[in-house]
Amino acid sequence: MKLRPTLLALALAAPISLLAMADSPRTQAPATMQALVPTQQQADTSAIVHGLLSDSRYAYRPRVLDASLGAEVWKRYLEALDPSKVYLTQQDIASVPDAPAKAVAAVKEGDYAPMYSVFDIYRKRVVERSNYVRGLLKQDIFDFTGNDRYDYDREDVAWSDAAALDVQWKQSVRSDWLRLKLAGKQPDEIRKTLDKRYANMVTMIDDLNAEDIFQTALNAYTGSIDPHTDYFNPRAAERFNQSMSLSLEGIGAQLQKRDDIVTIMELIPGGPAARSNLLKPGDRIVGVGQGEKGAMEDVIGWRIDDVVAKIKGAKGTVVQLDILPAEMGIDAKPNRIQLTRDKVVLADSKAKGEVIQLPGVDGAPARRIGVIKVPAFYQDFDARRSRNGDYVSVSRDVAEILAKFNADKLDGVVVDLRNNGGGSLDEAVNMTGLFIDKGPVVQERQAGGRITVRSDRDDSVQWEGPLAVLINRASASASEIFAGAIQDYGRGLIIGETSFGKGTVQAMVDLDRVVPDRSQDQYGDVKLTVAEFFRPSGSSTQNKGVSPDIAFPATLDADEYGESTYDNALPWSKIDEAPHATYGQFAGLLPELKRLHDIRSADDVEYQWRVEDAAEFRAQREKKWISLNEAERRVERDKEDAKRKFRQAERKRLGLDLDPLADDGADDGLQYNERDVAREAEREKLADKAPDPLLREAAAILGDAARMLDGDRALAAQVLPKSTQAGNWAK
């Protein structure tokens, strides 16, 4: 099916969200007990997506779906199902003749039967492996006095035969057993824990439906076009939009499925559930009813998505819940409660401000540095389109924080973009505008080669003082637009690690706009790469990322993580510069800042511990295996316990903030969904309070720069040639 140009124009001319962000997790599903049969709706969806990505002028880099691309699609599909290659065998792979052609037929013609048949084989192998490893728990194989090991890294291994997988799974089970034994668990408890874990392998497969498998199969194609093109089925698209808007309508609870029952992980502050004082983490939802008198439905065993769909609803409507309190058994009588749904803002994901106190240096006064932690470049697109003027926006939140920092007369600001994967392109431009007078922020080159410039047109500056931007390898896309513009303008220092290197822009396309019948959402959305962005200097961040002015020791190697690790990523390129102001020229300042940083960090025990941990992590990753000798592992465990206790004692001796998780840091051998729900929720909150030597050092570096420039006007004239007063980096 070829899409007519008018239909494609309709899809893209409607209001869409331009995004600059790193990968969104693709739903990688396996199946249900029912037979998978391709539907006409799936065929239509597939044809629309093919028209957008292989047969249109809208994709930035369209790729013809030929045999070569078909082979790539098939490979990605297999790896999506079985990324560690521990279920499917080489014989299973070979059982589908002419697989690349079948992948092409699936996308072009909607014939997903061969791909679904492979999934059916995969599900069968999962059941077989579950039975096999549960059987191993009854065998006498748990002696750990030898010198064997478990090779856990299977990224580059070939597909194996069943006998080789038997060996791999046996070592995996022994490794799981040893972890629990080292954590102090007794054999009966270990056997019970692992038997339940391995039984859940099948439960998780059965929890998925045909839409999940279709999404996985179609994303094998979209991911072959480029690393950041994705298909979202209707529910996945709804979740994506909620994550961008930081809002939803419902009761305000984060849920997780535990033992076939949906369980409350956390109550969102300010939401109906939290306001009611009737729920707490660990409580389980066993029934849902609509309205004050609607019939109750037993939801035990349901997919979590289906339970969430029942609980969510329009603001002002009522939902009934049957609740089993966390402390009560499964056979207890549930409590029935009613909640009125409301709009819930995900406040924990919003930008937040804090202040770091820096001691005085060489007679200079102490300084206060404001920190703004920006987890994402979020914006409520729907609310903005409604033109009511009241919508969630990261640039608005940051502006409010800056206003407070100005009122408090702080000495500098660090914008913390670590682990910020991106978001709204508009928000990246708007947030840059808070720190510059006006001018170009990012250049875009569309599929046809046309270059447009997105500029800040507001000549007001919300923060004129010293500025630093803290980035790491996980800072991507919109984060790189902001950091790159700040660096090109010489507006502030870039500190940390080289960023991710994603230099492409995506648009969310509602596929239902392509078809005449829009009576219901049925086709989903595509996140489509439509442009490549470039810094004001003309340099792309693609593959290369943004390089820091002052670099911290890398926690992850560039060859293991980032855009350059994708086999089909676009190459780096450059275009002409967009004329822009230059506020500062920090090159002459960097050697002294680096010297002071080296001296200070050498005496900062927290910083040095972070360096040591990073080195140990890299060494273990390179080893790619773990010993199954109990005595050797106990030595390692005792060493880690001693290190953790020593570090906490040193913090007390030196008067440093204590690590709130230090006393609970030993490996318990459990997986995330096997731990106590309430305890895990509390641990996540405490993790936010853990010592952060890198953030503190970034603030200290900015403090050094401000002190040097304030104290030496000749130096300030060289570094900040346009500055008209001490402490002003924006004029």
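**Exercise 1.** In this predicted model, find which residue lies over the face of Tyr-391.

Solution. Arg-396 lies over the face of Tyr-391, at 3.9 Å from the ring centre. A second case involves Lys-85, whose charged end sits over the ring of Trp-159, 5.4 Å from the ring's centre.

**Exercise 2.** State how many aromatic pairs the structure holds, then classify the pair Phe-142 and Trp-177 as stacked or edge-to-face.

Solution. Step 1: the count is 15 aromatic pairs. Step 2: the ring centres of Phe-142 and Trp-177 are 3.8 Å apart and the planes stand at 15°. Step 3: planes under 30 degrees apart count as stacked, so Phe-142 and Trp-177 form a stacked pair. Step 4: Phe-142 belongs to the loop between helix 6 (113-136) and strand 2 (149-151), and Trp-177 to helix 7 (residues 162-182), so the pair ties together parts 35 residues apart in sequence.

**Exercise 3.** Decide whether Phe-142 is buried or exposed, and do the same for Trp-177.

Solution. Buried means under 20% relative accessible area. Phe-142 has 13% relative accessibility, so Phe-142 is buried. Trp-177 has 5%, so Trp-177 is buried.

**Exercise 4.** Classify the pair Tyr-489 and Tyr-583, and locate both residues along the chain.

Solution. Step 1: the centres of the two rings are 6.0 Å apart and their planes are at 25°, so the pair is stacked. Step 2: Tyr-489 is in the loop between helix 16 (478-488) and strand 19 (493-496), while Tyr-583 is in the loop between strand 22 (550-551) and helix 17 (590-603). Step 3: the pair links distant parts of the chain, 94 residues apart. Step 4: Tyr-489 is buried at 0% relative accessible area, and Tyr-583 is buried at 6%.

Notes: Residues are numbered from 1 along each chain as its sequence is written. This is a predicted model: local features need pLDDT of at least 70, side-chain atom pairs count only at pLDDT 80 or more; totals for chains, interfaces and linings use all residues. Side-chain values use heavy atoms; hydrogens and water are left out. Rings of Phe, Tyr and Trp (its six-membered ring) pair if their centres lie within 6.5 Å; planes under 30 degrees apart count as stacked, over 60 as edge-to-face and the rest as tilted. Helices (H or I, at least four residues) and strands (E, at least two) are DSSP runs, numbered from the N terminus. Buried means under 20% relative accessible area, exposed over 50%, partly exposed in between (1.4 Å probe, protein chains only). A charge sits over a ring if NZ of Lys or CZ of Arg is within 6 Å of the ring centre and within 35 degrees of the ring normal.
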